[in-house]
Amino acid sequence: MRLVFILAAATLASALLTASADAQSRDFNPAISVNALLLGRVADQTTDPAYNGADVQEAEVRFTADVDPYWKANLTFAVHPERGHEHGEEEAAHGGYTGDLEQAYVEGTAIPGGFALLLGKDYLPFGKHVPLHTHEFPFVDAPIAVSTFLGDHSLTEVGARVAHEIPLPWYSDLEAYAVDGKSEIFDAGSRDPAFGARFVNMFDLSMESTLEVSGSWLHGPLASDYLQLHPEEPLSGQLDIWGVDATFKWIDSSRTHGPALFLTAEIILPRPDQGTSEPSGWYAVAQYRFARQWWLGLGAGGMNRDLPPDTDLDEDHHGELFAWREAREYKLNLNWVPSEFSAVRLEVARYDDWQGDADDWLFSLQMNFTIGSHPAHVY
Amino acid sequence: MKHLLLALAFLASTAAAGPLKVVCTVTDLGWLAAEVGGDDVEIIVLCPGEYDPHFLPAKPSLARKLGKADLLCYNGLELEVGWLPVLIDKARNTKVRDGQSGHLDCAHALEHILEVPEGEISRAQGDVHPHGNPHYLLDPRNGILVAHLMAERMAELRPELADGFRDRADALEADLLPRIAAWEGAAASPRAHPLVHYTKQWEYLEAWLGLACLGAVEHRPGISPSPRHVDELVTQAKYAGVTQLIAAPWNHLDIGQKAADRMGASLVILPAAVDSQDGADSYPAMFDLILTRLTTAEED
């Protein structure tokens, strides 16, 4: 139903834009870019259809334009397969899709004093991975620490965000936000808002290399089933999540698309009022461009829900593959990037269940393409 | 109270009289802005000369520099489309946003833009620039036009210094015109044989100097050349007697060298921007070096 609504809205918007273009000029139409991810994969152990077979992993349509001299708007609609364990195996087996409004926000373009203001729905600025669109992920799937503790790529919230640079010798930026708190990690029925902050510090080591060291914190009403827990009484209280991340980037300046190395590591520490004591997670990623069209990716990560031994996990919530109590992941991929607008990725991932026997291998082949306006490259 | 207001007014006028902070995206524009602005401006260039200006990493430290600017001068025609919009957003500087007087698209100075696509374009043609070829600063006559445009915009932002900006732009034109005539004269020998490019970048230079171009090794911008295309280009180049394959320092020179060897031509690396190579530390010096390299390679 939601997909029908989104398609109808997109059709209406398109019709309005066309009508506007016919009547006046296309110059004021928003920049439109469309990205799609095609994914074929097979797992060694699990038979979950989400990890076996071929599908459109996600299709995303993005509109960007200045609204007026005061606001710039961004809207992103995303369509992805309905997961069987969310909506019934039968529906997934028949190739059902669902859609969502991932982003709908305006940024102030006339805010004085060096402040930034964002109003609307956007990814929360927590760590390095959460703000990424799926097609920007360094691997096919998000790190298990991110998907377990921050939600399965759904930490998008409606609210307000303010940022300002801190006057330090290096680039330093502090961002604070207050949002509605309706993501899956929060209690959607609560009237309490969620809020948090991110503190970014980036040092130019040379013209070609930088080091970023940043910290994140968010606070909100705890979801009754946070971490897929199945207590007799639903969880309640508040949730705090702390994070710290570091990124080193080196890009050879001597030639176009020359060698480049990106190293990222992040630690995530959720502290819910109830259900578990001190869960923790981490991941580290290395991406190396060794030839003009070729990138190599290497990753590792881990998470520990730190659950009491007698706690039940809701395996139907995300599928059994990601219902570990404690696990490690190891990933390797090879990426062929013939242009800025397409990429093919071959990936192998190994998951080790540290408190059970749900180990698995996951082999993936992913095609990523973008059509439409030229995307700007965020550093 | 009256004295306080007078003091504040004095401080404000002192601040306004300070140097105009000009951020330029590329080194050619930085050199032109420094010539036009003289001691009345502070110049910061975002993209160093040795970088391919299509692919500058949009580091936050660059946004920080842009955040303090009174005037942003950029090349336009989507040369910087991959990074400048990000920096403008991140700079949080209302003065340099589109529509403000501190936002100067220097391509507006041009009288004639090359290679504006006619009809349908698509990414099948590579990463084409939909508004035309952006490498117009490789024709020094366009540099003069840009200098005058900069002078007018600086004059708008600092009316009390307008005469100085305009006088310096006129002086720059007077300095460049005889040089241009000399460079055109020096191009006689390179005109004898058609050139091959590594990638499409030199069209304004060729149009100005009357050089002929047979084609580009990387004929679809941003896309690696196919072996078949290179084979065909080598055959044509041999037949046409090509003696030079010209490339920018940031091009994939190993591929260029192999193609040049197969053509029996010299790979000639030209400064494609101010400071992109030793000896190209100013806009005139860049053209001196370009003409020297072209004529030397032709004579060899």
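In the predicted model, helix α2 (residues 27–37) of chain B lies across three strands, β1, β2 and β3 (71–74) of chain B. The helix runs at about 175° to β2(B). Angles over 145 degrees count as roughly antiparallel, so α2(B) and β2(B) are roughly antiparallel.

The strands beneath this description belong to an open sheet of four strands in chain B. Their order is β2-β1-β3-β4, and the pairing is parallel. The edge strands are β2 (41–45) and β4 (103–105) of chain B. Each of these pairs on one side only. From one strand to the next, the twist averages 20°. Strand β1 (residues 20–24) of chain B pairs with β2(B) in the parallel sense, over five bridges. Within this pairing, L20(B) has V41(B) in β2(B) as its bridge partner.

Helix α2(B) also packs against a second helix, α5(B). Two packed helices are described by the angle between their axes and the distance between the axes. For α2(B) and α5(B), the angle is about 55° and the axes are 9 Å apart. The two helices are therefore oblique to each other. The crossing of α2(B) past α5(B) is right-handed. On the α2(B) side, the contact involves L29(B), L32(B), A33(B), V36(B) and G37(B). These residues meet G143(B), V146(B), A147(B), M150(B), A151(B) and M154(B) in α5(B). An α-helix has 3.6 residues a turn, so residues three or four places apart point the same way.

Helix α5 of chain B covers residues 140–157. At 1.5 Å a residue, its 18 residues should span 26 Å. The end C-alpha atoms are 26 Å apart, which agrees. Many positions in α5(B) are listed as buried, among them G143(B), V146(B), A147(B), M150(B), A151(B) and M154(B). These residues also meet α2(B). Other buried residues of α5(B) include P140(B), N142(B), I144(B), R153(B) and A155(B).

Attention now turns to backbone angles. Most residues other than glycine have a negative phi. L77(B) has a positive value, with phi near 55°. E78(B) also has a positive value, with phi near 65°. L77(B) is found in the loop between β3 and α4 (84–91) of chain B. E78(B) lies in the loop between β3 and α4 of chain B as well. Their exposure is as follows. L77(B) has a relative accessible area of 10%, under the 20% cut-off, so L77(B) is buried. E78(B) has a relative accessible area of 28% and is partly exposed.

Methods:
Residues are numbered from 1 along each chain as its sequence is written. Chains are lettered from A and ligands numbered from 1 in the order in which they are written. This is a predicted model: local features need pLDDT of at least 70, side-chain atom pairs count only at pLDDT 80 or more; totals for chains, interfaces and linings use all residues. Side-chain values use heavy atoms; hydrogens and water are left out. The expected span of a helix is 1.5 Å times one less than its number of residues. Buried means under 20% relative accessible area, exposed over 50%, partly exposed in between (1.4 Å probe, protein chains only). Two strands pair if DSSP finds at least two bridges between them. Axes are lines fitted to C-alpha atoms, for helices over the stretch in contact, and angles run from 0 to 180 degrees between N-to-C directions. Contact means heavy atoms within 4.5 Å. Angles under 35 degrees count as roughly parallel, over 145 as roughly antiparallel, 65 to 115 as roughly perpendicular and the rest as oblique. A crossing is left-handed if the near helix is turned anticlockwise from the far one by less than a right angle, and right-handed if clockwise.
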